[in-house]
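Work through the exercises below with the sequence and the 3D view open. Try each task before reading its solution.

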Amino acid sequence: MVKRNYLALGILLGCSALFADDEIEILRKQVEELSQKIDFIEKQQKVQKGVLELVSTDTVLSIGGRIQLNGNYSSPSTSYFASKIPANSEQKSDKFSMNARDSRFWVKTRTPSEYGMIRTTLEIDFFGSTATNVSVNDHNPRLRHAYVQIGDFGFGQTNSAFNSVVAIETANYAMDDTFVRQPVVRYTHNRGDWAWDVSFEEPNAMFFKNGSASLVKGQSDTLPDLVLRGRYFDSWGEVGLAYLSRYIRYEETGSSDGKYGYGLNLSGRIKTFGLDGIRFNAHYGEGSGRYIAYNGFGAGTITSQGDIELTEIYGGHIGYRHWWSQKLRSTLAFSYIGADTSDEALTYSTNITKESYATQLNLFYNPLKTLLAGIELSDATRKFKDGRRGDAQAVNFIVRFDF
Amino acid sequence: MRVFLALFLLFGLFGCSFKDSSKSTPVRHMIKSEKLHILMRELDMVIYERQKSEIDRDAMRKRYLLTLSDTLKNLSGELDKLVDEKSQEDQAVYKKHALLLKANANDLEDLAQKYQFELLSQRLDEVKQTCKSCHQHFGVKR
């Protein structure tokens with residue numbers, strides 16, 4: 001760029017004896033325009049192959065996503081979640097199924113501003129509604145993320161700050177998965193080795209209640225859930241501690257009650273040898289409900305007096321990922337979740353989980369950076385509060401291409 | 001609950017990290033080169049991080065790149081210390097590559113601060129080229 005300007009200046013000086021002042025000015029403008037065009041072309045040529053970029057004056061828009069095929073053989077036929085595995089006495093036969101619903105599509109932008117970089121992301125998958133037409137397998141899109149971050153502030157729908165800071169690399173979820181995606185307003189102070197978040201998030205409490213065999217939604221929330229999180233990053237890995245505080249309220253004609261629930265979530269990853277590493281998560285809470293195990297336990301029980309009795313939930317998981325070669329890796333993981341749901345809930349429903357645990361072992365292969373094939377074996381047990389037990393095994397297959 | 005406690009005892013026993021133990025400059029250079037390889041591989045793996053939004057993934061990429069940039073700057077500083085027993089010509093080559101590596105590190109830092117990840121592949125190729133050129137000159141196989 002500097003060389004080009006010197007060259008242009010040289011040409012202009014050389015020509016100054018031959019041209020009038022106005023002609024020199026025209027030439028100068030033409031040289032500037034040409035210089036800008038060359039800069040733009042150079043910038044375009046530097047863009048990474050395989051990335052579609054639409055560059056306006058300030059905003060850069062990127063498009064991407066993935067195509068993923070999931071195959072699952074489960075014995076018995078069940079969803080592989082802590083509170084979904086049926087009791088052994090109620091189990092159905094084995095089942096094989098496939099779907100491409102976990103394919104995703106995202107658009108993201110970035111725009112520099114006086115408040116820092118403004119970044120947006122909009123992402124969908126195809127878990128919207130269950131296919132009813134077996135001939136063509138319709139699957140509706142579902143919103144995953146619609147989030148904007150302006151400097152240190154963010155708002156929209158995205159992952160909760162209470163979630164684990166890293167997840168184990170498995171096809172099935174850990175029994176205690178600490179994961180919620182919801183509307184949030186968040187401040188993030190991210191400097192050096194530390195990051196701090198203050199996040200106000202959508203409140204939603206669910207309860208066991210007389211007259212319903214499954215969890216019912218409270219629909220009486222008056223305050224957003226508050227999550228405070230600290231993260232530390234170092235050469236050995238990263239660790240995050242999140243604290244959840246929520247006001248849980250239930251109201252119906254003639255009675256109402258409110259209680260403060262809380263949760264603590266410690267998670268992280270520790271590098272060991274080469275690319276190998278341990279990933280872990282530990283959780284404890286009272287009334288942390290849907291933040292854990294995909295709402296398998298609820299926030300509490302509505303007693304016969306109309307009071308809320310919060311549910312104590314505790315659990316964790318640990319996984320070790322080992323790289324057999326540059327393209328081949330395995331994760332061995334164990335997860336556990338337990339809860340002390342009110343004894344009164346047993347009079348409302350028999351479908352109450354005491355604890356669940358699972359072991360997963362997989363083999364993932366990357367023939368290309370953006371192509372993944374994997375197989376995973378899972379073994380899980382669910383123990384009911386009334387003493388029953390359910391066991392399940394699954395084999396998962398994954399083929400995925402990121403674009 | 002017993003299983004839960006056993007799990008974290010196990011974690012406590014196996015939780016360990018890799019530390020640089022040698023003081024020798026060439027060995028430190030090798031260790032940092034290995035660290036660079038690992039960091040670059042981890043960058044490739046960010047797309048497979050589960051339960052992350054694209055904004056989260058870009059934040060991860062930024063952190064990896066800033067670490068990568070710091071590591072390259074350290075490596076560039078250590079190249080100067082490797083020249084003592086070399087000829088003047090070799091010293092010049094070392095210094096040239098040290099400067100190039102520092103420029104590569106600054107480019108990566110700039111890219112990370114501006115979230116220009118579409119340029120990542122090209123910038124990493126430039127780093128690899130600098131390393132390769134220096135290694136070739138001094139007959140290092142890697």
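**Exercise 1.** A:Arg101 is buried yet has no salt bridge: which side chain of opposite charge is nearest, and how many Å away is it?

*Solution.* Bear in mind that this is a predicted model.
- Step 1: place the residue. A:Arg101 sits in the loop between strand 3 (95-99) and strand 4 (104-111) of chain A.
- Step 2: look for the opposite charge. The nearest such side chain is A:Asp125, 7.7 Å away.
- Step 3: apply the cut-off. A salt bridge needs nitrogen and carboxyl oxygen within 4 Å. A:Arg101 has no salt bridge, although the residue is buried.
- Step 4: look for other partners. The side chain of A:Arg101 reaches the backbone oxygen of A:Ser129 at 3.5 Å.
- Step 5: list the surroundings. Neighbours within four places in sequence are set aside; the contacts of A:Arg101 then include A:Phe126, A:Phe127, A:Gly128 and A:His139.

**Exercise 2.** Describe the fold of chain B from its secondary structure and contacts.

*Solution.*
- Step 1: count elements. Chain B has 5 helices and 0 strands. Their order from the N terminus is α-α-α-α-α.
- Step 2: check burial. Of the 142 residues in chain B, 47% are buried.
- Step 3: check contact range. Take contacts in chain B between residues at least 6 apart in sequence; 64% of them join residues at least 24 apart.

**Exercise 3.** Characterise the interface of chain B and chain A.

*Solution.*
- Step 1: count residues. Chain B gives 39 residues to the contact and chain A gives 69.
- Step 2: find the main contributors in chain B. B:Tyr48, B:Arg50 and B:Gln51 lose the most area to chain A, together 17% of what that side buries.
- Step 3: take the area. The two chains bury about 4600 Å² between them, with 56% of it on carbon and sulfur atoms.
- Step 4: count the polar links. There are 22 residue pairs in polar contact between the chains.
- Step 5: assign the side of chain B to elements. Helix 1 (2-14), helix 2 (25-44), helix 3 (54-81) and helix 5 (120-137) each supply at least two residues. Helix 3 gives the largest share, 8 residues.
- Step 6: sort by class. This side of chain B has 19 nonpolar, 7 polar and 13 charged residues.
- Step 7: count the salt bridges. The interface holds 6.

**Exercise 4.** Compare the settings of three salt bridges, one between chains and two within chain A.

*Solution.*
- Step 1: get the total. The whole structure has 37 salt bridges over all chains.
- Step 2: take the pair between chains. B:Asp58 and A:Lys108 have their closest N and O atoms 2.9 Å apart. B:Asp58 lies in helix 3 of chain B and A:Lys108 in strand 4 of chain A, so the pair joins two chains. B:Asp58 is buried at 6% relative accessibility. A:Lys108 is buried at 14%.
- Step 3: turn to A:Glu123 and A:Arg144, which meet at 2.6 Å, N to O. The first lies in strand 5 and the second in strand 6 of chain A, so this bridge ties together parts 21 residues apart in sequence. Both residues are buried.
- Step 4: add A:Asp152 and A:Arg191, at 3.0 Å. A:Asp152 is in the loop between strand 6 and strand 7, and A:Arg191 is in strand 8, so the parts tied together are 39 residues apart. A:Asp152 is partly exposed at 22%. A:Arg191 is partly exposed at 44%.
- Step 5: trace shared partners. A:Lys108, B:Glu54, B:Arg57, B:Asp58 and B:Arg61 form one network of salt bridges.

Definitions and conventions. Residues numbered from 1 in each chain as written. Chains lettered and ligands numbered in written order. Predicted model: local features only at pLDDT ≥ 70, side-chain atom pairs only at ≥ 80, totals over all residues. Heavy atoms only, no water. Contact = heavy atoms within 4.5 Å. Buried area = accessible area lost by both parts, 1.4 Å probe. Polar contact = N/O pair within 3.5 Å; in protein donor to acceptor, adjacent residues only side chain to side chain. Helix = DSSP H or I, 4+ residues; strand = E, 2+ residues; numbered from the N terminus. Nonpolar A, V, L, I, M, F, W, Y, C, P; charged D, E, K, R; others polar. Buried < 20%, exposed > 50% of the residue type's maximum accessible area, 1.4 Å probe, protein only. Lys, Arg positive; Asp, Glu negative; His and termini not counted.
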